[in-house]
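Reader: I'd like a close look at one spot in the backbone here, and then a walk out from it into the rest of the model. Keep it loose, but give me the cut-offs so I can redo it myself.

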Number of protein chains: 2
Amino acid sequence: MNAEFSIDRLYRAVAEKGNVCVGLDTLPEYVPEQSLRRIGGTGAVLQYNEAVVDATFDVCACYKIQIACYEAQGLAGLDVYSKTLGYIKKRGGISIADIKRSDIADTAAQYAKAHFSGDFEADIVTLNPYMGMDSIEPWLCESRKKKKGAFVLLRTSNKGYRDFEGQRTETGRYLYELVGDRLLEVISNETTNSPYGIFGLVVGAESKTGYEREQARVIRKKYGSLFFLIPGYGTQGGGAEEAALLLNSDKNGGVVNASRSILKSWCLSDDPKNAVIETAAESARNAVIAMRDAIFSAPTPVF
Amino acid sequence: MNAEFSIDRLYRAVAEKGNVCVGLDTLPEYVPEQSLRRIGGTGAVLQYNEAVVDATFDVCACYKIQIACYEAQGLAGLDVYSKTLGYIKKRGGISIADIKRSDIADTAAQYAKAHFSGDFEADIVTLNPYMGMDSIEPWLCESRKKKKGAFVLLRTSNKGYRDFEGQRTETGRYLYELVGDRLLEVISNETTNSPYGIFGLVVGAESKTGYEREQARVIRKKYGSLFFLIPGYGTQGGGAEEAALLLNSDKNGGVVNASRSILKSWCLSDDPKNAVIETAAESARNAVIAMRDAIFSAPTPVF
């Protein structure tokens, strides 16, 4: 077991290696065709994941694995999911299982068992808070015991966030603020080695309008003591500037996820038809370095 | 492929066999000890699931399988999950995969592929709406193509529902009403064979206070054209009376789920130490019949 909480480890990783979270949302068609044909379906996905981990290990903070991409391939897909998590662990990396699970009491405890031990053990998970804090608390108990962590969905990067997350409640606060405020309450008594709590928040980077940029500033200021997982970079439309709005002034306090723009960067190479796993992993590395540096150069909010 | 939408099939099943949804949230410790020792872990769970399906097939409407209980056992557990779904399908039954998944766009489409085809194919799924309607719509597309269905979380049966689901928004409506209203909008153009839409709602039965009972009546009236999945019966504290409040006056329009109170009813038999899978399945059948009849005798709301 690790001696420190997963989000403390993430804090150190960001300080050492920058803010990039490499998203291993690896569909078979993201693997260069030559390699995919030679190795075949799920085996090719596993080899590509391992090659990307090897090629990016010293230039990214962590890996986020989107379980849906593996569930879609059934039992064979989940075997690759399990082995990918195992490979990251073996290398001493930090894994975020993007599972967005939600359930209550005993069922939440079953999910925590599933994703904090055994075949699907990860360091950190993502959780959906809709059902209430009693759907979050079982994960908190298990995280304390096993030094794990979770990012709770706050304001996501899709347009539909306005439907429910972004609704104003009768208290005047947005629904997502109720989520953040309740999370702060329940973790405020925890002592950690970093400036951040043992659980953090998912906050999308896609702040296109002035209004949304202002929201992003407010969120960063209000939840300064919570670590953010920031999706929506690259293919989803957010840039380094939007993402950096959600970091603290020391450029820590958040990891920025990109998936397709890293995994498929080989498609933009001079000769994509001749790409193989090894050259694609090298493209991924270059994409991560470019992203890391772009975030590092972008201004962070000043309060 | 089935010729009619899954919720239309459910409507017919309720008319023929009553409102009980048997929850196969089967943990190894729910299997009688003798059988568990003889067969061992996940194999015993599969045999017990099949025996319960056989014993209850003519007295219940459908089966709900809580995936968390299987994910907790890793790949071997998900193999049993897959085989349980396959067994229900082979018998011509209706399966509800209680997965409460939530994600957007491409990722939602991956989840829909995972749970509407292949190893984990079910007839109906449960979904969490927090991220917005663009997290629901990909499931709707797939459901139209494959005659599947989904129940979207509205107001759940846990205490924590008050934290977010039960918050009043600045429009005066509860958050859960925004969810229900938006769902009605997106499915209102679908034509079905029953009085119900192709997607329904999850509404918890645990209405203990007068205020919550009134809320239940309002929910049933407002969403009269949506089919309900009603959890919270039995071990979770709701009774036949609370559940029936959420049915329409013809006793259709909803299925009531119970899991532990059915799967573990053998523990209350005269001689639980000598129970085996066969006798436990018979106890499960008796528990389902008692529950079906109690719901049938309970008053439904009059508008």
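**One residue, then its surroundings**

Author: B:Ala105 is partly exposed, because 16 other C-beta atoms lie within 10 Å of its own. The cut-offs are 20 or more such atoms for buried, 12 or fewer for exposed, and partly exposed in between, with C-beta atoms placed from the backbone. Before we go on, bear in mind that this is a predicted model, where local features need pLDDT of at least 70 and side-chain atom pairs count only at pLDDT 80 or more, while totals for chains, interfaces and linings use all residues. Residues are numbered from 1 along each chain as its sequence is written, and chains are lettered from A and ligands numbered from 1 in the order in which they are written.

Back to our spot. B:Ala105 sits in helix α6 of chain B, which covers residues 105-116. Helices here are DSSP runs of H or I with at least four residues, strands are runs of E with at least two, and both are numbered from the N terminus. The oddity is the backbone: phi of B:Ala105 is near 45 degrees, a positive value in a residue that isn't glycine. Most residues other than glycine have a negative phi. B:Lys251 does something along those lines, with a positive phi of about 65 degrees though it isn't a glycine either. Its setting is a loop, between α10 (240-244) and β8 (254-258) of chain B. B:Lys251 is also partly exposed, because it has 16 other C-beta atoms within 10 Å.

Over in chain A, α6 matters for the pairing of the chains. The contact between them takes 49 residues from chain A and 49 residues from chain B, where two residues are in contact if their C-beta atoms, placed from the backbone, lie within 7 Å. On the side of chain A that touches chain B, two or more residues each come from α4 (67-71), α5 (74-90), α6 (105-116) and α8 (175-187) of chain A. The biggest giver there is α6(A), with 6 residues.

α5 is worth a stop too. The axes of α5(A) and helix α5 (residues 74-90) of chain B cross at roughly 165 degrees and come within 11 Å; axes are lines fitted to C-alpha atoms, for helices over the stretch in contact, with angles from 0 to 180 degrees between N-to-C directions. That makes the pair roughly antiparallel, since angles over 145 degrees count that way, under 35 is roughly parallel, 65 to 115 roughly perpendicular and the rest oblique. The residues in touch are A:Leu75, A:Leu78, A:Asp79 and A:Ser82 on α5(A), and B:Leu75, B:Leu78, B:Asp79 and B:Ser82 on α5(B).

For a pair inside one chain, try α3 (residues 41-56) and α12 (residues 277-297) of chain B, which pack at about 45 degrees with axes 8 Å apart. These two are therefore oblique to each other. Among the residues making that contact are B:Tyr48 and B:Val52 of α3(B) and B:Ala281 and B:Arg285 of α12(B). B:Arg285 lies 31 Å from B:Thr209, C-alpha to C-alpha, with their places 76 residues apart in sequence. B:Thr209 is in the loop between β6 (199-203) and α9 (210-222) of chain B, and it counts as exposed because it has 9 C-beta neighbours inside 10 Å.

Now the inside. The largest nonpolar core has 211 residues, and A:Val152 and B:Val152 have the most contacts within it; such a core is a set of buried Ala, Val, Leu, Ile, Met, Phe, Trp, Tyr and Cys residues joined through C-beta atoms within 7 Å. Leaving aside neighbours within four places in sequence, A:Val152 is in contact with residues including A:Leu127, A:Ile136, A:Phe199 and A:Val202. A:Val202 is also 5.7 Å from A:Phe228, C-alpha to C-alpha, though 26 residues away in sequence. A:Phe228 lies in strand β7 (residues 228-230) of chain A and counts as buried because 26 C-beta neighbours are inside 10 Å.

Zooming out, chain A has 12 helices and 8 strands, and buried residues make up 59% of its 303 residues.
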